[in-house]
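Let's walk through this one together, strand by strand. Keep the sequence to hand and turn the model as we go.

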Amino acid sequence: MFAASAQSRVFHLIESNNHRTICGLKVSQLGRAGPKRERLHLVRFKPMGYSECRHCSRMNLGEGCNKDFPD
Ligand SMILES: [Zn+2]
């Protein structure tokens, strides 16, 4: 799953079973309370024309999670 913000045209990666992005942002559920500009919505696929959040990208490569890359 991904979370996208229409405002910034950036998408984030979602932690499994967690309504939070890898980089630590909360995903607003179904338009609930929260500043509009920060609101993220869940999407199943990478949104076209959006760029991946740098922080999520970095975390996904191994920093801050349990993945170990043999290198
Ligand atoms: Zn992110």
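Start with strand 1 (residues 2–5) and strand 2 (residues 10–13): the two run antiparallel and are joined by 4 bridges. To get the register, look for Ala3, which sits opposite His12 in strand 2. Bear in mind that this is a predicted model, so the confidence scores matter too, and we'll come to those.

The turn between these strands deserves a look. The hairpin of strand 1 and strand 2 has 4 residues between the strands, and Arg9 lies in that loop. What is the sign of phi at Arg9? It is positive, at about 60°, even though Arg9 is not a glycine. As background, most residues other than glycine have a negative phi. Arg9 is also exposed, because just 11 other C-beta atoms lie within 10 Å, and the cut-off for exposed is 12 or fewer.

Now go across to the other partners. Strand 1 is joined to strand 3 by 3 bridges, again antiparallel, and here Ala4 stands opposite His41 in strand 3. Strand 2, for its part, pairs with strand 4 (residues 51–52) in the parallel sense, over 2 bridges. In that pairing Val10 faces Ser51 in strand 4.

Put those pairings together and what order do the strands take? You get an open sheet of 4 strands in the order 3-1-2-4, with mixed pairing. Strand 3 (41–43) and strand 4 are the edges: each has a single partner strand, so one side of each is left without a neighbour in the sheet. Along the sequence, the protein chain reads β-β-β-β-α, with 1 helix and 4 strands in total.

Back to strand 1, this time for its side chains. Are its faces covered or open? Both are covered: Phe2 and Ala4 are buried on one side, and Ala3 and Ser5 are buried on the other. Ala3 makes a good example of how strand 1 is surrounded. Setting aside neighbours within four places in sequence, Ala3 is in contact with Phe11, His12, Ile14, Thr21, Val27, Leu40, His41 and Leu42.

Several of those names come back in the largest nonpolar core, which has 11 residues: Phe2, Ala3, Ala4, Phe11, Ile14, Ile22, Val27, Leu40, Cys53, Cys56 and Met59. Strand 1 and helix 1 (54–60) are the elements that give two or more residues to this core, and strand 1 provides the largest share, 3 residues. As a general point, nonpolar side chains in soluble globular proteins tend to be buried together. Over the whole protein chain, buried residues make up 20% of the 71 residues.

For a contrast with the core, find Lys26 in the loop between strand 2 and strand 3. Lys26 counts as partly exposed because it has 14 C-beta neighbours inside 10 Å. Not counting residues up to four places away in sequence, Lys26 touches His19 and Arg20. You can also check the C-alpha atoms of Lys26 and Arg39: these residues are 13 apart along the chain, and the atoms are separated by 8.6 Å.

Now zoom out to the contacts as a whole. Among contacts in the protein chain with a separation of 6 or more, 55% are between residues 24 or more positions apart.

Finally, how far does the predictor's confidence reach? The protein chain averages a pLDDT of 78, and 72% of the residues score at least 70. Among the elements, strand 4 has the highest mean pLDDT (94) and strand 3 the lowest (86).

Key:
Residues are numbered from 1 along each chain as its sequence is written. This is a predicted model: local features need pLDDT of at least 70, side-chain atom pairs count only at pLDDT 80 or more; totals for chains, interfaces and linings use all residues. Two strands pair if DSSP finds at least two bridges between them. A nonpolar core is a set of buried Ala, Val, Leu, Ile, Met, Phe, Trp, Tyr and Cys residues joined through C-beta atoms within 7 Å. Two residues are in contact if their C-beta atoms, placed from the backbone, lie within 7 Å. pLDDT is the predictor's confidence in each residue, from 0 to 100.
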